[in-house]
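Me: I would like a close look at one part of this model. Please keep the sentences short and connect the points.

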Amino acid sequence: MEVKRRPGVTRVSRKHQVTLPVEVLRDAGLAPGDELRVTADGRGRLAGRCSLH
């Protein structure tokens, strides 16, 4: 089965993990080692705040 990818879209894995698209990370100015605090912002919405090094 072929999986069609859409820019900026990711899925939640069976282990409840997500991979953030690299273009989103770049646009946010995030780099390896930066910490990202994620909170629920209503049903179906997540909000992230980064502590830049």
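Is Leu36 buried, partly exposed or exposed, and what is its relative accessibility?

Reply: Keep in mind that this is a predicted model. Leu36 has a relative accessibility of 39%. Buried means under 20% and exposed means over 50%, so Leu36 counts as partly exposed.

Now place Leu36 in the fold. Leu36 is found in strand 1, which covers residues 35–40.

Next, look at the surface. Leu36 helps to make a nonpolar patch of about 550 Å². The other residues of this patch are Val12, Val18, Leu20, Val38 and Leu46.

Leu36 also belongs to a pocket. The largest pocket has a volume of about 380 Å³. The pocket is lined by 15 residues. Leu36 is among those closest to its centre, along with Leu20, Val24, Val38 and Gly48.

Where does the lining come from? Strand 1, helix 1 (22–28) and strand 2 (46–51) each supply at least two of its residues. Strand 2 gives the largest share, with 4 residues. What is the character of the lining? It holds 12 nonpolar residues, 3 polar ones and no charged ones.

Charges do appear elsewhere. The whole structure has 1 salt bridge. It joins the side chains of Asp41 and Arg45, at 3.7 Å from N to O. Asp41 is partly exposed, with a relative accessible area of 40%. Arg45 reaches 53% and counts as exposed.

To return to Leu36: this partly exposed residue of strand 1 has a place in the nonpolar patch and in the pocket lining.

Methods. Residues are numbered from 1 along each chain as its sequence is written. This is a predicted model: local features need pLDDT of at least 70, side-chain atom pairs count only at pLDDT 80 or more; totals for chains, interfaces and linings use all residues. Side-chain values use heavy atoms; hydrogens and water are left out. Patches are made of residues with over 30% relative accessible area and no salt bridge: like charges are joined within 9 Å, nonpolar side chains (Val, Leu, Ile, Met, Phe, Trp, Tyr) within 5 Å. Accessible areas come from the Shrake-Rupley method with a 1.4 Å probe; for residues, only the protein chains shown count as cover. A salt bridge is a side-chain nitrogen of Lys or Arg within 4 Å of a carboxyl oxygen of Asp or Glu. Buried means under 20% relative accessible area, exposed over 50%, partly exposed in between (1.4 Å probe, protein chains only). On a 1 Å grid over the protein atoms alone, a cavity is a set of points where a 1.4 Å probe fits but cannot get out, and a pocket is an open set with protein on both sides within 12 Å along at least five of seven lines; lining residues have an atom within 4 Å of a point. Grid points are joined across faces, edges and corners, and a volume is the space filled by probe spheres set on the points. Ala, Val, Leu, Ile, Met, Phe, Trp, Tyr, Cys and Pro count as nonpolar, Asp, Glu, Lys and Arg as charged, and the others, Gly among them, as polar.
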